[in-house]
Amino acid sequence: MGSHRGSRRNVAPQSDPAKHAELIAEHEARLRHGAHTDRTVFFSDAVFAIAMTLLVLDLKLPAMPADITGAQLNRILLEQRDPLAGFILSFVLVGRLWISHHRLFNAIKSYDAGLQVINLVALFFVVFLPVPTSLLFEANSQSPWPPVIYAVTISGSFLSLNWLWRHAYRAGLMHPWVDYPMYRLVLRGQDPAWVVFVLSIPVAFIRPDFALYSWILIIPVSVALDKYRKRQFVRAESARLDAAGRDGVLD
């Protein structure tokens with residue numbers, strides 16, 4: 001009987017998981033949150049670099065005889081004008097995406113699981129871009145699918161960056177100096193690119209070549225909207241500083 005009572009006294013009391021639920025959740029969340037984005041940025045830069053390198057692989061010159069004439073060389077080079085145009089277009093767009101990505105992470109100071117997932121979605125579209133680029137000028141010009149797939153890929157890239165920016169702002173992952181006017185300035189900065197590409201999709205089913213030509217609208221639309229956005233930003237910041245009485249000093 002004494003031995004039995006002793007064994008009962010040695011039994012550890014049962015703890016209540018609900019009592020420490022909040023502390024346990026915070027402890028587990030440390031695996032999915034962090035104060036530094038260095039690894040995310042380095043990985044993203046590598047993906048951008050690989051995608052830009054893959055774009056050039058479609059520029060292949062055929063084997064040329066030693067006695068090739070000038071006329072033959074000119075014809076061979078002219079045959080490469082479409083792949084070259086596709087390379088230049090995609091290189092410029094990937095470069096613009098990289099610049100936007102770089103600027104976003106200049107304002108983002110920490111990460112969470114959602115940010116990492118959204119960043120991977122954006123990188124998916126970036127690394128996939130060489131595929132529709134190779135189809136764009138090599139497939140049948142009467143098929144709508146090459147420009148449609150290309151437009152979806154580019155739109156997905158820019159919309160993913162917008163999604164990333166929204167998430168970072170709402171999740172409190174940004175530096176304190178990112179106020180709402182700056183958040184809105186950056187958010188609307190990607191609009192011209194994806195809007196033009198999305199609107200070109202129905203055009204591609206009517207005239208695929210017209211869809212390609214419509215993409216040049218990105219230039220004038222971007223210039224016009226950029227000026228408009230900056231004017232709005234200056235007005236909003238001026239009103240904020242006047243209300244704060246900071247005499248023109250930004251945080």
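Rings of Phe, Tyr and Trp, the last with its six-membered ring, count as a pair if their centres lie within 6.5 Å. Let's put that to work on this predicted model, which holds 11 aromatic pairs.

**Exercise 1. Classify the ring pair of Y150 and F197, and place its two members in the fold.**

Solution. Start with the geometry: the ring centres are 6.2 Å apart and the planes meet at 45 degrees. Planes under 30 degrees apart count as stacked and those over 60 as edge-to-face, with the rest tilted. The pair is therefore tilted.
Next, find the helices. Y150 belongs to helix α8 (residues 145-170) and F197 to helix α10 (residues 191-206), so this pair links distant parts of the chain, 47 residues apart.
Finally, check the surroundings. Y150 has a relative accessible area of 0% and is buried; F197, also at 0%, counts as buried too.

**Exercise 2. Do the same for W165 and Y183, then look for a wider ring cluster.**

Solution. The centres of W165 and Y183 are 6.3 Å apart, with 15 degrees between the planes. Since stacked means under 30 degrees, this pair is stacked.
W165 lies in helix α8 and Y183 in helix α9 (residues 180-189), so the pair ties together parts 18 residues apart in sequence. Both residues are buried.
Now widen the view: ring pairs join W165, Y169, Y180 and Y183 into a cluster.

**Exercise 3. Which ring does the charged end of R207 sit over?**

Solution. Follow the charged end of R207 to the ring of F210, whose centre is 4.1 Å away.

**Exercise 4. Trace the nonpolar surface patch that includes L57 back to its helices.**

Solution. List the members: I50, L54, V56, L57, F124, V127, F128, V131 and L135, which together have about 710 Å² of accessible area.
Then assign them. Helices α3 (38-55), α6 (113-128) and α7 (130-138) each supply at least two residues, and α6 gives the largest share, with 3.
L57 itself sits in the loop between α3 and α4 (70-79). At 48% relative accessible area, L57 is partly exposed.

**Exercise 5. Is V126 buried or exposed, and what does V126 touch?**

Solution. V126 is placed in helix α6. Its relative accessibility is 3%, and under 20% means buried, so V126 counts as buried.
Leaving out residues up to four places away in sequence, V126 touches F48, A51, V94, L97 and S157.
As a last step, compare sequence with space: V126 and L93 are 33 residues apart in sequence, and their C-alpha atoms are 9.6 Å apart.

Definitions and conventions:
Residues numbered from 1 in each chain as written. Predicted model: local features only at pLDDT ≥ 70, side-chain atom pairs only at ≥ 80, totals over all residues. Heavy atoms only, no water. Helix = DSSP H or I, 4+ residues; strand = E, 2+ residues; numbered from the N terminus. Buried < 20%, exposed > 50% of the residue type's maximum accessible area, 1.4 Å probe, protein only. Lys NZ or Arg CZ within 6 Å of the ring centre and 35° of its normal. Patch = residues over 30% accessible without salt bridge, like charges linked within 9 Å, V, L, I, M, F, W, Y side chains within 5 Å. Areas by Shrake-Rupley, 256 points an atom, 1.4 Å probe, with all protein chains shown as cover. Salt bridge = Lys/Arg side-chain N within 4 Å of Asp/Glu carboxyl O. Contact = heavy atoms within 4.5 Å.
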